[in-house]
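Subject: Handover of a structure

Dear colleague,

Please find below the structure that I am passing on to you, with its sequence. My notes on what was found in it follow directly after.

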Amino acid sequence: MSTTGQIIRCKAAVAWEAGKPLVMEEVEVAPPQKHEVRIKILFTSLCHTDVYFWEAKGQTPLFPRIFGHEAGGIVESVGEGVTDLQPGDHVLPVFTGECGDCRHCHSEESNMCDLLRINTERGVMIHDGESRFSINGKPIHHFVGTSTFSEYTVVHSGQVAKINPDAPLDKVCIVSCGLSTGLGATLNVAKPKKGQSVAIFGLGAVGLAAAEGARIAGASRVIGVDLNPKRFDEAKKFGVTEFVNPKDHDKPVQQVIAEMTDGGVDRSVECTGSVQAMIQAFECVHDGWGVAVLVGVPSKDDAFKSHPMNFLNERTLKGTFFGNYKPKTDIPGIVEMYMNKELELEKFITHTVPFSEINKAFDYMLKGESIRCIITMGA
């Protein structure tokens, strides 16, 4: 392309300070350096993680910053040493990576790359510690190595999944974070057998993706647990068959579920980040074979407490990161699941807004009105 090696000026939605509306700015995007690619973003969506760090509650604020990490686009140019991607490739940038060289990347059991594991506090590229974004010479911080709230962005090549060019980017862009996290927690980690029962704690986007995984696996009962009854009707579309609102009961939720299921569910997936929900998810699985999987991220000072007999009675507790998917290796396969009609993505997408109205996406999420809002960059 004629822009190869050149600085590109484009629009980006910049967060100048915590909790304040994003401002549409003209930014300069530098060419990709060693092991980097520059991507033209066509569609991006808003994830709760973006909102969490935009609000800057409970973590070190880093502003000005370009957020965004669920997106689809086309490679514009590649930097030195990039051999597996080329201009024109359809890609999904991912907040975590796969360097291909570390022990984690060589392990069939792990997807937690040593080099490219998520780092929310780093606002620069790892190659040289510099930002690729600037406004009038002032650097703008990156976010989790992706920064997709910009018409062009620069990403480490290990964080870029090359996908089927026939896949609609306005749908499959949601695969690059929350959907894969929930789906993989069920399919790759909990691994329910056909006909088994599954409890899902938290019916936000990740929890609904976990329920979708239970549906695909052929679970006979999917019990949704949430404090917000407004989510129950929506969750039926994702295969959730029964609902429990902890506020409706005067006994522990794990006891309620045990009574509903003759001793406990076969599998549970916790998607809230609440330590109380984590304990409930673990203690509600059946002894002898029950498996509980933790997905939600707790506060840094939280501690988990459960009686050791829960383990000795052969319950299993597991954790997962990004659904145990390796970004470059596995994400293209999830896109193919969608293309083969094995996975339904449209029902996750509740709103669409033009890039110029990106702050509406934040409003929808803060009001609890959206699962995923697609932001169309060219509009």
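**Salt bridges**

E344 and K347 form a salt bridge, with their closest N and O atoms 2.9 Å apart. Please note that this is a predicted model. The two partners differ in their surroundings: E344 has a relative accessible area of 36% and is therefore partly exposed, whereas K347, at 14% relative accessibility, counts as buried. Both residues also belong to a network of salt bridges that links E212, R215, E344 and K347.

How many salt bridges does the count come to? The total is 20 salt bridges. Two further pairs are described here.

One of them joins the side chains of E76 and R38, with an N to O distance of 2.6 Å. This pair links distant parts of the chain, since E76 lies in strand β4 (residues 70-78) and R38 in strand β3 (residues 36-45), 38 residues apart. Are these two residues buried or exposed? Both E76 and R38 are buried.

The other pair is E242 and R221, whose closest N and O atoms are 2.7 Å apart. Here too, distant parts of the chain are linked: E242 belongs to strand β12 (residues 242-244) and R221 to strand β11 (residues 221-225), with the two positions 21 residues apart in numbering. E242 has a relative accessibility of 22%, so it counts as partly exposed. R221 is likewise classed as partly exposed because its relative accessibility is 26%.

**Packing of helices α1 and α11**

Helix α1 (residues 48-55) and helix α11 (residues 358-366) have axes that come within 11 Å and cross at roughly 100 degrees. An angle of 65 to 115 degrees counts as roughly perpendicular, and α1 is therefore roughly perpendicular to α11. Which residues meet in this contact? On the α1 side they are H48, V51, W54 and E55, and on the α11 side F362, M365 and L366. Sorted by class, the contact of α1 with α11 consists of 5 nonpolar, 1 polar and 1 charged residues.

**Backbone geometry**

Three points in the backbone deserve mention when you prepare the model.

- F63 and P64 are joined by a cis peptide bond, with omega at about -5 degrees. P64 is placed in the loop between α1 and β4.
- N136 is not a glycine, yet its phi is positive, at about 50 degrees. The residue is found in the loop between β6 (133-135) and β7 (138-140). With a relative accessible area of 78%, N136 is exposed.
- S147 also has a positive phi of about 50 degrees, although it is not a glycine. Its place is in the loop between β7 and β8 (152-156). In S147 the relative accessible area is 0%, so this residue is buried.

**Cysteines**

How many disulfides does the structure hold? The number is 0. C105 is in no disulfide, and the nearest cysteine sulfur, that of C102, is 3.7 Å away. The cut-off for a disulfide is a pair of cysteine sulfur atoms within 2.5 Å, so the separation of 3.7 Å from C105 to C102 does not qualify. C105 has a relative accessible area of 14% and is therefore buried.

C113 is also in no disulfide; the nearest cysteine sulfur belongs to C99, at 3.6 Å. C113 is buried, with a relative accessible area of 1%.

**Surroundings of T352**

T352 is located in strand β16 (residues 349-354). Is this residue buried or exposed? Its relative accessibility is 54%, and T352 therefore counts as exposed. Exposed here means over 50% relative accessible area.

Leaving aside residues up to four places away in sequence, T352 touches C373, I374 and T376. The C-alpha atoms of T352 and R372 are separated by 8.5 Å, while the two residues are 20 residues apart along the chain.

With kind regards

Definitions and conventions: Residues numbered from 1 in each chain as written. Predicted model: local features only at pLDDT ≥ 70, side-chain atom pairs only at ≥ 80, totals over all residues. Heavy atoms only, no water. Salt bridge = Lys/Arg side-chain N within 4 Å of Asp/Glu carboxyl O. Helix = DSSP H or I, 4+ residues; strand = E, 2+ residues; numbered from the N terminus. Buried < 20%, exposed > 50% of the residue type's maximum accessible area, 1.4 Å probe, protein only. Axes fitted to C-alpha atoms, helices over the stretch in contact; angles between N-to-C directions. Parallel < 35°, antiparallel > 145°, perpendicular 65-115°, else oblique. Contact = heavy atoms within 4.5 Å. Nonpolar A, V, L, I, M, F, W, Y, C, P; charged D, E, K, R; others polar.
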